[in-house]
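Dear colleague,

Please find below the structure for your review. My findings follow it.

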Amino acid sequence: MKEFEKWFRKAEGDLYTANLLLKSENCQPDICCYHSQQAAEKYLKSFLVSRHLDFPKTHDLEFLIKLIVLHKPNFNKILTHALAITNYGVIPRYPDDTHEPSNEDAKKPFENAIIIKEFVLKYFFD
């Protein structure tokens, strides 16, 4: 298995987990949002790895997209989807006074992760 395939497989696991949580009676929307963000992050990283492009350890989806845009300007098209979920990579992991997402709120990050996945797949082998 190639390195980018390992990243993609991990992303698929996060997306699968988010989907299971969304369908669950005991959804835990903050964790669903976290896994949606993680899926999107790993899809982007898999694309970077497939192009032999280095990236630092980061959860910042905007940063990852900007790295890709240097080589594939059309990736700017998914920037708004990434910006909408980038904070879920850190915020839901710790208890604090921030807004707790509802079950309904958790659907949008999942949808954004799917949009990012489909966009990455479209340009994987061009």
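The expected span of a helix is taken as 1.5 Å times one less than its number of residues. For helix 1 (residues 3-23), which has 21 residues, this gives 30 Å, and the end C-alpha atoms lie 31 Å apart, which agrees. Please note that the model is predicted.

Helix 1 has two distinct sides. Phe4, Phe8, Ala11, Asp14, Leu15, Ala18 and Leu21 are buried in this helix. Their arc around the axis is only 140°, so they fall on the same side of helix 1. An α-helix has 3.6 residues a turn, so residues three or four places apart point the same way. On the other side of helix 1, Arg9, Lys10, Tyr16 and Lys23 are exposed. The cover over the buried residues of helix 1 includes helix 2 (29-50) and helix 5 (107-123).

As to the overall fold, the protein chain contains five helices and zero strands. A compact globule of 126 residues would have a radius of gyration near 14 Å; the protein chain has 14 Å, which agrees. Of its residues, 46% count as buried.

The largest nonpolar core holds 35 residues, of which Leu44, Ile65, Phe75, Ile116 and Val120 touch the most other members. Helix 1, helix 2, helix 3 (61-69), helix 4 (79-85) and helix 5 each supply at least two residues of this core, and helix 2 gives the most, with nine residues. Leaving aside neighbours within four places in sequence, Ile65 is in contact with Leu44, Phe75, Ile78, Leu79 and Ala82.

With kind regards

Key
Residues are numbered from 1 along each chain as its sequence is written. This is a predicted model: local features need pLDDT of at least 70, side-chain atom pairs count only at pLDDT 80 or more; totals for chains, interfaces and linings use all residues. Side-chain values use heavy atoms; hydrogens and water are left out. Helices (H or I, at least four residues) and strands (E, at least two) are DSSP runs, numbered from the N terminus. Buried means under 20% relative accessible area, exposed over 50%, partly exposed in between (1.4 Å probe, protein chains only). The arc is that of the directions from the helix axis to the C-beta atoms. Contact means heavy atoms within 4.5 Å. A nonpolar core is a set of buried Ala, Val, Leu, Ile, Met, Phe, Trp, Tyr and Cys residues joined through side-chain atoms within 4.5 Å. The radius of gyration is taken over C-alpha atoms; the globule rule is 2.2 Å times the number of residues to the power 0.38.
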